[in-house]
Amino acid sequence: MQVRNGTSSNLFDVESETDPEKWYQVFANGTVIKCTCKGYLGHRMCKHLGAVQQYLQQTEGGIEEEEIGETAPSAPSSIARWIGLPGPGAP
Ligand SMILES: [Zn+2]
């Protein structure tokens, strides 16, 4: 099953196993993952989700730098973490 990047950084296209001409769109942003196929709409679960998760794990190391530069999804939480810390070396 082939997976490729879609039109945005959170969108992926997954090839249909039964129809090579057909690609399903899967949305995944790290917390939410959903598919456009009938199976997902019916059961909230489908093999395309697994394919995208596997694809993300494989590509994680390779595109990490690019992703940080483009989206920086963890910026707000890391700032909050810094503010929350009193500082271990405070006098
Ligand atoms: Zn699906």
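**An exposed loop residue, a zinc site and the packing around it**

In this predicted model, Arg44 is found in the loop between helix α1 (38-43) and helix α2. Although Arg44 is not a glycine, its phi is positive, at about 55°. Arg44 is also exposed, because its relative accessible area is 55% and residues count as exposed over 50%. Along the chain Arg44 and Lys34 are ten residues apart, and in space their C-alpha atoms are separated by 7.9 Å.

The loop that holds Arg44 belongs to a chain with three helices and four strands, and when these elements are read along the sequence they follow the pattern β-β-β-β-α-α-α. The chain has 91 residues, of which 22% count as buried. Among the contacts in the chain with a separation of 6 or more, 23% are accounted for by residues 24 or more positions apart.

A zinc ion is present in the model, and the atoms that coordinate this ion are SG of Cys35, SG of Cys37, SG of Cys46 and ND1 of His48, at 1.9 to 2.3 Å. The angles among the four donor atoms are 107 to 112°, and the site is tetrahedral; this description applies because four donors count as tetrahedral if all angles lie between 85 and 135 degrees. In sequence, the donor residues of the zinc ion show the spacing C-x1-C-x8-C-x1-H.

The accessibility of the three cysteine donors can be considered next. Cys35 has a relative accessible area of 6% and is therefore buried, since the cut-off for a buried residue is under 20%. By the same criterion Cys37 counts as buried, at 4% relative accessibility, and Cys46 counts as buried as well, at 13%. The structure holds zero disulfides, and the SG atoms of Cys35, Cys37 and Cys46 are instead listed among the donors of the zinc ion.

Tyr24, a residue of strand β3 (residues 23-28), touches several of the zinc donors. Leaving out residues up to four places away in sequence, Tyr24 touches Phe12, Asp13, Val14, Ser16, Cys35, Thr36, Cys37 and His48, and of these Cys35, Cys37 and His48 are donor residues of the zinc ion. Tyr24 counts as buried because its relative accessibility is 18%, a value under the 20% cut-off. Between the C-alpha atoms of Tyr24 and Phe12, which are twelve residues apart along the chain, the separation is 8.1 Å.

Val14, one of the residues touched by Tyr24, has its place in strand β2. The relative accessible area of Val14 is 0%, so this residue is buried. When neighbours within four places in sequence are set aside, the contacts of Val14 are Met1, Gln2, Val3, Lys22, Trp23, Tyr24, Val26, His48, Ala51 and Val52. His48 thus appears in the contact list of Val14 as well as in that of Tyr24. Val14 and Arg4 lie ten residues apart in sequence, with a C-alpha to C-alpha distance of 6.6 Å. Arg4 in turn is placed over the face of Trp23, at 3.8 Å from the ring centre, and Trp23 is itself among the contacts of Val14.

The structure holds one aromatic pair. The rings concerned are those of Phe12 and Tyr55, whose centres are 5.8 Å apart and whose planes stand at 70°, so the pair is edge-to-face. This name follows because planes over 60 degrees apart count as edge-to-face. The pair links distant parts of the chain, with Phe12 in strand β2 (residues 11-15) and Tyr55 in helix α2 (residues 47-70), 43 residues apart. Phe12 and Tyr55 are both buried, and Phe12 is also one of the residues that Tyr24 touches.

Terms used
Residues are numbered from 1 along each chain as its sequence is written. This is a predicted model: local features need pLDDT of at least 70, side-chain atom pairs count only at pLDDT 80 or more; totals for chains, interfaces and linings use all residues. Side-chain values use heavy atoms; hydrogens and water are left out. Donors are N, O and S atoms within 2.8 Å of the metal (3.2 Å for Na, K and Ca); water is not among the atoms, so sites may look incomplete. Four donors count as tetrahedral if all angles lie between 85 and 135 degrees; four count as square planar and six as octahedral if opposite donors are over 155 degrees apart and all others between 65 and 115; anything else is irregular. Buried means under 20% relative accessible area, exposed over 50%, partly exposed in between (1.4 Å probe, protein chains only). A disulfide is a pair of cysteine sulfur atoms within 2.5 Å. Rings of Phe, Tyr and Trp (its six-membered ring) pair if their centres lie within 6.5 Å; planes under 30 degrees apart count as stacked, over 60 as edge-to-face and the rest as tilted. Helices (H or I, at least four residues) and strands (E, at least two) are DSSP runs, numbered from the N terminus. A charge sits over a ring if NZ of Lys or CZ of Arg is within 6 Å of the ring centre and within 35 degrees of the ring normal. Contact means heavy atoms within 4.5 Å.
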